[in-house]
Amino acid sequence: MLSRNEQQQLRAIERWFEISDPDLTRALREGRFRHLGRLRRLGCLALMTFGALLIGLGAVAANVFLLFVGILALTTGVCLRIGALRP
């Protein structure tokens with residue numbers, strides 16, 4: 001629970017945001033940024049799938065470059081997804 005002073009400070013910060021950037025305040029209240037989480041998850045999934053496909057193709061073709069790019073893409077997708085899970 002916030003103290004009375006902290007609540008006043010929080011209200012002052014909210015008023016400052018409303019004055020300085022009303023578009024951002026409106027977007028946050030309306031929840032316009034919720035779809036970005038879904039879009040990020042889909043992007044990570046697509047990157048991981050692309051990486052896995054490149055790894056498979058590189059293994060079948062015995063191509064070290066495809067294996068390397070596939071591992072890089074898969075690792076990047078996993079790292080982005082893990083980073084998105086953090087609070």
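Student: Why is the sulfur of Cys44 not in a bond with the closest cysteine sulfur?

Tutor: Because the closest cysteine sulfur, in Cys79, is 9.8 Å away, too far for a bond. A disulfide is defined as a pair of cysteine sulfur atoms within 2.5 Å, and the structure holds zero disulfides. Before we go on, please note that this is a predicted model, where local features need pLDDT of at least 70, side-chain atom pairs count only at pLDDT 80 or more, and totals for chains, interfaces and linings use all residues. Residues are numbered from 1 along each chain as its sequence is written, and side-chain values use heavy atoms, with hydrogens and water left out.

Student: What makes Cys44 count as buried?

Tutor: Its relative accessibility is 3%. Buried means under 20% relative accessible area, exposed over 50%, and partly exposed in between (1.4 Å probe, protein chains only), so Cys44 counts as buried.

Student: Why is Trp16 called exposed, and why is Phe17 called partly exposed?

Tutor: Trp16 has a relative accessible area of 54%, so it is exposed. Phe17 is at 39%, and therefore counts as partly exposed.

Student: What makes Trp16 and Phe17 an edge-to-face aromatic pair?

Tutor: Rings of Phe, Tyr and Trp (its six-membered ring) pair if their centres lie within 6.5 Å; planes under 30 degrees apart count as stacked, over 60 as edge-to-face and the rest as tilted. For Trp16 and Phe17 the values are 5.1 Å centre to centre and 70° between the planes, which fits edge-to-face. The structure holds one aromatic pair.

Student: How do you know that residues 42-59 are helix?

Tutor: Helices are DSSP runs (H or I, at least four residues), strands are runs of E (at least two), and both are numbered from the N terminus. Residues 42-59 come out as 100% helix and 0% strand, with end C-alpha atoms 26 Å apart. Residues 65-84 are also 100% helix and 0% strand, and there the end C-alpha atoms are 29 Å apart. An unreviewed UniProt entry places the feature "transmembrane region" at both spans; the positions are in the numbering used here, feature names are shortened, and annotations may be inferred rather than shown by experiment.

Student: Which residues is Met48 in contact with, leaving aside its neighbours within four places in sequence?

Tutor: Contact means heavy atoms within 4.5 Å, and on that basis Met48 is in contact with Leu74, Gly77 and Val78. Met48 belongs to helix α3 (residues 34-61). Its C-alpha atom is separated by 7.6 Å from that of Thr75, 27 residues apart along the chain.
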